[in-house]
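Subject: Structure for you to look over

Dear colleague,

I am passing on the structure we talked about. Please look through it before reading my notes, which follow below.

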Amino acid sequence: MAQQQEFHPGLSLAGAVDLESLKHQVKAEPGQAGGAPAAGGYVIDTTENTFQAMVQTSATFPILLLLWIPTDDRLFPMARTLGDAVNKLKGQIQLSRIDIASYPSIAQAFQVQGAPALFALIGGRPMPILQGLPGDDELKQIVDQVIPKLISVAAQSGVNGTAPYSGDPDSADGAGTGDGAGAAAGADVVPPEHQEAHQLAAQGDYAGAAAAYEQVLQANPNDTLAARERAKALLLARSATADVREVRKTAADRPDDVEAQLAVADVDMIGGQIEDAFSRLLDYLADGHTDQVEPVRERLLEYFMIPEATDERVKRARRRLATLMY
């Protein structure tokens, strides 16, 4: 059996030494002085473990995929320019960065020979944009023309959700918690009792993650983080791979069908359209579907766990739900 070839900084996939690449290596981590720009905002770093989850979320919002080496300082301006451009769009598109030196199997899957390479990902389908370092004019064209076009094409396919916000890229850790449900976003330090559930979610096993978080809650019912992550996992287990166009069409065709309305509310939540999800289900009850109060109430209580408890959208929806029930 032939030995599997590894991919290292300074080597192409064909094995030729790139001396120029070796001269541009830095030791600083992203976000450190002299290092690459940190992830954060609508920019995430994806690994082999989170790759499948990231692909699944491209069914709800478009993703710009940068295959790079975060220790090669020639790539820093490109990464910074793309990150700034994506963050200005407030979740219309996400930038996912993948270190192909650490994860060569991903580079091989995309059939790229080195870094950088740029792809769009819409509905799980990759579209090549660029291979190699772009010139200033080419990078400007990507920012000014290509990215807006990708957002437009995605919207025409029903992929028009909002990517989750993952913290201030200029903060110390560059990662936080957004109000959407994207599983591939950066996360804070994971409590030891959450490790199993967190790992399952990172691997895309959302049903398993939900069950693991349920065990955490049985031991500590007051663990609000576990309750929140369980709600996210349940949501993604149901609908992360749903055909957004089909779900929306079914909901429009069957306005009295509670399952159809719950499914489209899930799509709204995954896409970060939280108020739309709340209003859709509350309006459904207000339209006279009082026989479906319980499934709608259960789903809304699950949704209420995902944003912060102080979120005004949650407060308004809770008050309206109470009014409709009593």
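Of the contacts in the protein chain with a separation of 6 or more, 66% are between residues 24 or more positions apart. Please keep in mind that this is a predicted model. The chain has 13 helices and five strands, and 48% of its 326 residues are buried. About 15800 Å² of the protein chain is exposed, with carbon and sulfur atoms supplying 50% of that area.

On the nonpolar cores: the largest has 44 residues, and Met54, Leu64, Leu67 and Leu82 have the most contacts inside it. Two or more residues of this core come from each of strands E1 (43-46), E2 (63-68), E3 (94-99) and E4 (117-122), and from each of helices H2 (48-57), H3 (76-88), H4 (104-109) and H5 (136-156). A further core of 27 residues lies apart from it, with Ala240, Leu262, Ala265 and Val293 among its members. In soluble globular proteins, nonpolar side chains tend to be buried together.

Leu67 is a convenient place to start in the largest core. Not counting residues up to four places away in sequence, Leu67 touches Ile98, Ile100, Ile106, Phe110, Val112, Ala115, Pro116, Ala117 and Phe119.

Next, a polar residue. Ser58 is in the loop between H2 and E2. Is Ser58 buried or exposed? Its relative accessibility is 0%, and because the cut-off for buried is under 20%, Ser58 counts as buried. The side chain of Ser58 reaches the backbone oxygen of Val55 at 2.6 Å. Beyond its neighbours within four places in sequence, Ser58 contacts Ile63, Leu121, Ile122, Gly123, Gly124 and Val159.

Last, helix H13. This helix covers residues 312-325, 14 in number, and spans 20 Å from its first C-alpha to its last, close to the 20 Å expected at 1.5 Å a residue. Its buried residues are Arg313, Val314, Ala317 and Leu321. Seen down the axis of H13, these buried residues fall within an arc of 90 degrees, so they line one face of the helix. An α-helix has 3.6 residues a turn, so residues three or four places apart point the same way. The cover over the buried residues of H13 includes helix H11 (274-286) and helix H12 (293-304).

Regards

How values were computed
Residues are numbered from 1 along each chain as its sequence is written. This is a predicted model: local features need pLDDT of at least 70, side-chain atom pairs count only at pLDDT 80 or more; totals for chains, interfaces and linings use all residues. Side-chain values use heavy atoms; hydrogens and water are left out. A nonpolar core is a set of buried Ala, Val, Leu, Ile, Met, Phe, Trp, Tyr and Cys residues joined through side-chain atoms within 4.5 Å. Buried means under 20% relative accessible area, exposed over 50%, partly exposed in between (1.4 Å probe, protein chains only). Helices (H or I, at least four residues) and strands (E, at least two) are DSSP runs, numbered from the N terminus. Contact means heavy atoms within 4.5 Å. The expected span of a helix is 1.5 Å times one less than its number of residues. The arc is that of the directions from the helix axis to the C-beta atoms. A polar contact is a pair of N or O atoms within 3.5 Å; within protein, one must be able to donate a hydrogen and the other to accept it, and residues adjacent in sequence count only if both atoms are side-chain atoms. Accessible areas come from the Shrake-Rupley method with a 1.4 Å probe; for residues, only the protein chains shown count as cover.
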